[in-house]
Amino acid sequence: MANAIFVLNGPNLNLLGTREPEVYGTETLEDLHARCDRKAHELGFVVDFRQSNAEGELVNWIQEARTDASGLIVNAGAFTHTSIAMLDALLACPVPIVEVHLSNIFTREPFRHRSYISQAAKGVICGFGGLGYELAIEALAAAISRAKAG
């Protein structure tokens with residue numbers, strides 16, 4: 001898919017809107033999908049937006065992004081702090097990657113301060129709720145444009 005940005009969401013993000021709204025806000029995953037579609041369209045991209053509670057499925061999608069995406073946004077949820085498998089897949093992925101978190105992981109429990117995903121990401125956006133996804137799309141669009149020019 002030309003000019004596709006994959007947006008991959010990890011475990012429990014399907015519960016957005018009802019799960020701990022004081023931490024994650026009241027937007028649903030469908031709301032975030034709509035935000036991403038609008039922002040990507042504005043910048044000349046299309047979004048392939050997915051969510052899974054299964055680590056292996058997320059790894060498969062990251063591998064798919066190697067050939068089918070221009071950029072990749074990952075909100076790995078709890079796998080951020082545990083998944084070396086996802087890190088390895090991301091390190092093998094040649095497209096620019098942005099890590100996103102709705103909450104500021106650095107103001108939460110100490111175990112959330114460690115991200116394996118960050119090691120493969122061009123940048124990390126956290127703490128801005130759904131706006132973080134839009135910021136990630138803008139950052140990827142700029143990185144993809146620079147790479148094409150360059």
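**Aromatic and charged contacts in a predicted 150-residue chain**

Arginine 114 is placed in the loop that runs between β4 (97-101) and β5 (123-126). I begin with this residue, and I should say at once that the model before you is a predicted one.

How accessible is arginine 114? Its relative accessibility is 42%, so arginine 114 counts as partly exposed, given that the partly exposed class lies between the 20% limit for buried and the 50% limit for exposed. The charged end of arginine 114 sits over the ring of tyrosine 116, at 4.5 Å from the ring centre. Leaving aside residues up to four places away in sequence, arginine 114 touches Thr80, His81 and Gln119. For a sense of scale, consider histidine 41, which is 73 residues from arginine 114 along the chain. The C-alpha atoms of these two residues are separated by 33 Å.

Let me now turn to the chain as a whole. Its secondary structure comes to five helices and five strands, and along the sequence these follow the pattern β-α-α-β-α-β-α-β-β-α. Along the principal axes, the C-alpha atoms fill a box of roughly 40 × 30 × 25 Å. The radius of gyration is 14 Å, which agrees with the value near 15 Å that a compact globule of 150 residues would have.

What share of the residues is buried? Buried residues make up 49% of the 150 in the chain. Among contacts with a separation of 6 or more, 76% are accounted for by residues 24 or more positions apart. The chain exposes about 7000 Å², and carbon and sulfur atoms supply 52% of that area.

One such link across the sequence deserves attention. The structure holds one aromatic pair. Its members are phenylalanine 49 and tyrosine 133, whose ring centres are 6.5 Å apart, with 40 degrees between the planes. The pair counts as tilted because that class covers angles that are neither under 30 degrees nor over 60. Where in the chain do the two partners of the pair lie? Phenylalanine 49 belongs to strand β2 (residues 46-51) and tyrosine 133 to helix α5 (residues 131-149), so the pair, 84 residues apart, links distant parts of the chain. Both phenylalanine 49 and tyrosine 133 are buried.

Asparagine 9 touches both members of this pair, Phe49 and Tyr133. Asparagine 9 lies in strand β1 (residues 4-9), and with a relative accessibility of 0% it counts as buried. Its other contacts, again without residues up to four places away in sequence, are Leu29, Arg50, Gln51, Ser52, Leu58 and Asn75.

Arg50, named in that list, has a ring contact of its own. The charged end of arginine 50 sits over the ring of phenylalanine 6, 4.7 Å from its centre.

I close with histidine 101, in strand β4. Is histidine 101 buried or exposed? At 4% relative accessibility, histidine 101 counts as buried. Its side chain makes a polar contact of 2.6 Å with the side chain of glutamate 99. Beyond residues up to four places away in sequence, histidine 101 touches Asn75, Thr80, Ile125, Cys126, Gly127 and Phe128. Two of these names have come up already: Asn75 is touched by asparagine 9, and Thr80 by arginine 114.

Note on methods: Residues numbered from 1 in each chain as written. Predicted model: local features only at pLDDT ≥ 70, side-chain atom pairs only at ≥ 80, totals over all residues. Heavy atoms only, no water. Phe/Tyr/Trp six-rings, centres within 6.5 Å; stacked < 30°, edge-to-face > 60°. Helix = DSSP H or I, 4+ residues; strand = E, 2+ residues; numbered from the N terminus. Buried < 20%, exposed > 50% of the residue type's maximum accessible area, 1.4 Å probe, protein only. Lys NZ or Arg CZ within 6 Å of the ring centre and 35° of its normal. Contact = heavy atoms within 4.5 Å. Rg over C-alpha atoms; globule rule 2.2 N^0.38 Å. Areas by Shrake-Rupley, 256 points an atom, 1.4 Å probe, with all protein chains shown as cover. Polar contact = N/O pair within 3.5 Å; in protein donor to acceptor, adjacent residues only side chain to side chain.
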